[in-house]
Amino acid sequence: MKTLLTAVAASAALLAAASAPAQERLLIGSTSSSSSHYGYFVAVNQIINSELEGVSSSVAETGATVDNLRRLSRDQMDLGLVTTNTGYHAYAGQGDFEERPVDTRLLWVYTVAPQNVVMREDAGVDSMQELDGVRLNPGITGSATESTTEAVMKTLGITPDYVRGSTTDVVDSIKDGRIAGYVKSGVGNRLDGSTMDIATFTPINVLSLTDEQADTLRSEMPDIAVVDIPEGAADGIPAFTTWAFGVAVHAHPDIDEETAYQIVKAVMENPEPQANAFSAIKDADMAEMTLDVGTVPLHAGAARYFEEQGMEIPDNLQPAE
């Protein structure tokens, strides 16, 4: 009898398992666990697991954008962190992705990184054009800031005297006057901590693109955005215009529309845990950021959510399906 009851129980368990809806499992690629961006993706993961029925997700520590794009191309993960400039290059098969493009879809942009051209005030440089021959650090060695700065300057026909180095070396060099300035990612509409460190005892200014330069970048560099930073990026800093790239979440194109829609809806409607994990999100409009600085087509599910909010999808972000 005991054997019979055990068999019946096992059969019932198998029947229940067979009748239960399949759980969709998603793997999210992030970045190094030491990065604040990793904490952001942990928060996103928690939102997906708590808000979506029939979907479970987990976060993988990765080498960030390029690594995530490679994994997406190999069907090794479902969504992940991708900077908008590199995402465009991968989608279009440009630069390092020539002849091997990576087909992804944009879900949302969660922060924008304005690229601020910060100069010692006593360097006497008041415009981008005056950077010709000036000792300038384009960004830390190997960074997206460095490569993007060089591309921007080349597009604008400006040839600074580039000085390479780490953030610590560059900050010290600006403080003691060995170089005139550097290009550094901002934190939202604020200057970053290293810039504020310089400004403590060294008066600074931030250069602005002219209207003509901004139009040139818009037409010739679709991989970046041109943004207007309001007055108050730091005390005494007036409004200025500069280039920027966003940090986004891209998805594998095979994720079904309803799943993508539910993910974007859950993320857009639960900002608090994201802001707790990544302070730059506080008071940010991620939907507006997405449509302003996104560079590859939206996933159809993401586009459906934004359209339901009454937002107009730009031509370059229209779903490719």
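These legends accompany a set of close-up views of one predicted model.

**Figure 1. The whole chain, before we zoom in.** Let us start with the overall picture. The chain has twelve helices and ten strands. Its C-alpha atoms fill a box of roughly 95 × 40 × 35 Å, taken along the principal axes. Of the 321 residues, 49% count as buried. What about contacts that link distant parts of the sequence? Among contacts between residues at least 6 apart in sequence, 71% join residues at least 24 apart.

**Figure 2. Strand β3 and its two partners, β1 and β10.** How many of the five residues of β3 are buried? Five of the five are, so β3 is largely enclosed by the rest of the structure. Strand β1 (residues 24-29) pairs with β3 in the parallel sense, over two bridges. In this pairing, I28 stands opposite L79. The pairing of β3 with β10 is antiparallel and has five bridges. Look for L79 here too: its bridge partner in β10 is A251. So much for β3; the next view stays with β10.

**Figure 3. Strand β9 alongside β10.** Strand β9 covers residues 225-229, and four of its five residues are buried, so β9 is largely enclosed by the rest of the structure. Is its pairing with β10 (residues 240-251) parallel or antiparallel? The two strands run antiparallel, joined by five bridges. To find your way in this view, start at I229, whose bridge partner in β10 is F240.

**Figure 4. Helix α4 and the elements packed around it.** Helix α4 spans residues 84-92, and its buried residues are T84, N85, T86, G87, Y88 and A90. Which elements do they pack against? The buried residues of α4 pack against the helices α3 (65-73), α5 and α11 (286-293), and also against the strands β3 (79-83), β4 (105-120) and β10. Just past the helix, you can find G93, which follows α4 and has a positive phi, near 70°.

**Figure 5. T104, a buried loop residue.** Is T104 buried or exposed? Its relative accessibility is 0%, so T104 counts as buried. This residue sits in the loop between α4 and β4. Leaving aside neighbours within four places in sequence, T104 is in contact with L69, L72, Y91, H250, A251, P253 and V296. You may recognise A251 as the bridge partner of L79. T104 and L79 themselves are 25 residues apart in sequence, and their C-alpha atoms are 8.9 Å apart in space.

**Figure 6. Helices α2 and α9, crossing.** When two helices pack together, the pair is described by the angle between their axes and the distance between the axes. Here the axes of α2 (residues 36-51) and α9 (residues 257-268) come within 10 Å and cross at roughly 115°. That makes α2 roughly perpendicular to α9. The crossing is right-handed. On the α2 side, the contact is made by Y40, V44, I47, I48 and E51, and on the α9 side by I263, A266 and V267. By class, this contact has seven nonpolar residues, no polar ones and one charged residue.

**Figure 7. Helices α5 and α8, another crossing.** At what angle do the axes of α5 (residues 144-156) and α8 (residues 211-220) cross? They cross at roughly 110° and come within 10 Å. That makes α5 roughly perpendicular to α8. The crossing of α5 and α8 is right-handed. V152, T155 and L156 in α5 meet Q213, T216, L217 and E220 in α8. The residues of this contact divide into three nonpolar, three polar and one charged.

**Figure 8. Two loop residues with positive phi, D75 and D283.** Where does D75 lie? Its place is in the loop between α3 and β3. D75 has a positive phi near 60°, and D75 is a residue other than glycine. With a relative accessible area of 56%, D75 is exposed. Now turn to D283, found in the loop between α10 (271-277) and α11. D283 is not a glycine, yet its phi is positive, about 65°. The relative accessibility of D283 is 76%, so D283 counts as exposed.

Terms used. Residues are numbered from 1 along each chain as its sequence is written. This is a predicted model: local features need pLDDT of at least 70, side-chain atom pairs count only at pLDDT 80 or more; totals for chains, interfaces and linings use all residues. Side-chain values use heavy atoms; hydrogens and water are left out. Axes are lines fitted to C-alpha atoms, for helices over the stretch in contact, and angles run from 0 to 180 degrees between N-to-C directions. Angles under 35 degrees count as roughly parallel, over 145 as roughly antiparallel, 65 to 115 as roughly perpendicular and the rest as oblique. A crossing is left-handed if the near helix is turned anticlockwise from the far one by less than a right angle, and right-handed if clockwise. Contact means heavy atoms within 4.5 Å. Ala, Val, Leu, Ile, Met, Phe, Trp, Tyr, Cys and Pro count as nonpolar, Asp, Glu, Lys and Arg as charged, and the others, Gly among them, as polar. Buried means under 20% relative accessible area, exposed over 50%, partly exposed in between (1.4 Å probe, protein chains only). Two strands pair if DSSP finds at least two bridges between them.
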